[in-house]
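Trainee: Please pick one part of this chain and take me through it closely. Then show me how the rest is arranged around it.

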Amino acid sequence: NIHVTVYATGCIFKYDDAHPLGSGIGFKEEDTPNFDGSFYSETKGYMEPMLQCYPNCMILRVRMPISDDLSHRNFITKIVKYERVVNIPNSMTVLHEMLPASLAMAQKGLTGVYNFCNPGVISHNECLDLYTKYVDPTYTYKNFTVEEQSKVLKAGRSNNEMDATKLLKDMPEGIKLNDIKTAVELCMQRMQKNLTEEFGPLPDSLPKEVRKN
């Protein structure tokens, strides 16, 4: 009877006819995964139904996690290093807000599957524009299409919008989740403060691996 929280993934879906890009129609917790473009996503799609067999398990579908630092696992840190990025709106998870929420959900005893993302979608360009605004004004980036991206990647990438209705309905009292665009902007403001305190005035003090100019 020990409660178990699994930080899983929402990268098991892709936009389709029933959930078109830009429609605002997100995938719900009960939807069947439709993305198997990578071994990672395919195996996660298999695992989720098995985990649901355990009544003490809460499964949180995290997507493109964003933190307030330069961790190599931070989605922003990853795409800042890319030569080119696709510009597709996606659901994402800002950890500063969502990790405390997960603890409150566990304390409440919630179980089952949850789309664990801030409400709404944000594009790669919008994320990088906020990074440029608050962290590195000298940063520039270029776009390319999904078709062009597929020629240089070893595996496909999941792009989707997750429905946050169930998450917001069951969220414990006192926990506030900002929409993803607000959450990312606040995250970049905290990142600016954190990096300045750690390294000194930005952008000159930024580590070389995230300086492109």
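**A close look, starting from one helix**

Mentor: Start with Thr-77, which is part of helix α2. Keep in mind that this is a predicted model. Is Thr-77 buried or exposed? Its relative accessible area is 2%, and buried means under 20%, so Thr-77 is buried. Now look at its neighbours. Leaving aside residues up to four places away in sequence, Thr-77 touches Asp-69, Leu-70, Ser-71 and Val-210. Remember Val-210, because you are about to meet that name again.

Next, the nonpolar core. The largest one has 27 residues. Which residues have the most contacts inside it? They are Tyr-131, Val-184 and Met-188. Three elements give two or more residues each: α2 (75-80), α4 (124-134) and α7 (180-199). Helix α7 gives the most, with seven residues.

Zoom in on Tyr-131. Its contacts include Ile-76, Val-80 and Val-210. Here is that name again: Val-210 is touched by Thr-77 and by Tyr-131. Tyr-131 also touches Asp-136, Tyr-139, Met-188, Met-191 and Leu-206. Residues up to four places away in sequence are left out of this list too. A second core stands separate, with 12 residues, among them Leu-60, Leu-110, Tyr-114 and Met-171.

Move to the charged pairs. Side chains of opposite charge can pair when their charged atoms come close. How many salt bridges does the structure hold? It holds seven. We will take three of them.

One is between Arg-190 and Asp-68, at 2.6 Å from N to O. Arg-190 is in helix α7, and Asp-68 is in the loop between β2 and α2, so this bridge ties together parts that are 122 residues apart in sequence. Arg-190 has a relative accessible area of 19%, which makes it buried. Asp-68 is buried as well, at 13%.

Another pair is Glu-126 with Lys-181, at 3.1 Å from N to O. Glu-126 belongs to helix α4 and Lys-181 to helix α7, so parts that are 55 residues apart in sequence are tied together. What about exposure? Glu-126 has 29% relative accessibility and counts as partly exposed. Lys-181 also counts as partly exposed, at 41%.

The third pair is Arg-61 with Glu-48, at 2.5 Å from N to O. Arg-61 sits in strand β2 (residues 57-62) and Glu-48 in helix α1, 13 residues apart. Both are buried.

Now the open space. Rolling a probe the size of a water molecule over the atoms shows where empty space is left. The largest pocket holds about 1100 Å³. How many residues line it? There are 39, and those nearest its centre are Cys-11, Met-64, Phe-75, Lys-78 and Arg-157. Helix α2 is back in the picture: it supplies at least two residues of this lining. So do β1 (4-9), α1 (39-51), β3 (84-85) and α3 (95-108). By type, the lining has 21 nonpolar, 12 polar and six charged residues.

Take two of the residues nearest the pocket centre. Cys-11 is in the loop between β1 and α1. It is buried, with 17% relative accessibility. Outside residues up to four places away in sequence, Cys-11 touches Phe-35, Ser-41, Arg-63 and Ser-158. Its C-alpha atom is separated by 10 Å from that of Asn-90, although their places lie 79 residues apart along the chain. Then there is Met-64, in the loop between β2 and α2. Met-64 is buried at 14% relative accessible area. Its phi is near 45°, a positive value in a residue other than glycine.

Last stop: the backbone after α7. Which residues does a cis peptide bond join? They are Leu-202 and Pro-203, with omega about 0°. Pro-203 is in the segment after α7.

Put it together around α2. This helix holds Thr-77. It gives residues to the largest core. It also supplies part of the lining of the largest pocket.

Methods
Residues are numbered from 1 along each chain as its sequence is written. This is a predicted model: local features need pLDDT of at least 70, side-chain atom pairs count only at pLDDT 80 or more; totals for chains, interfaces and linings use all residues. Side-chain values use heavy atoms; hydrogens and water are left out. A nonpolar core is a set of buried Ala, Val, Leu, Ile, Met, Phe, Trp, Tyr and Cys residues joined through side-chain atoms within 4.5 Å. Buried means under 20% relative accessible area, exposed over 50%, partly exposed in between (1.4 Å probe, protein chains only). Helices (H or I, at least four residues) and strands (E, at least two) are DSSP runs, numbered from the N terminus. Contact means heavy atoms within 4.5 Å. On a 1 Å grid over the protein atoms alone, a cavity is a set of points where a 1.4 Å probe fits but cannot get out, and a pocket is an open set with protein on both sides within 12 Å along at least five of seven lines; lining residues have an atom within 4 Å of a point. Grid points are joined across faces, edges and corners, and a volume is the space filled by probe spheres set on the points. Ala, Val, Leu, Ile, Met, Phe, Trp, Tyr, Cys and Pro count as nonpolar, Asp, Glu, Lys and Arg as charged, and the others, Gly among them, as polar. A salt bridge is a side-chain nitrogen of Lys or Arg within 4 Å of a carboxyl oxygen of Asp or Glu.
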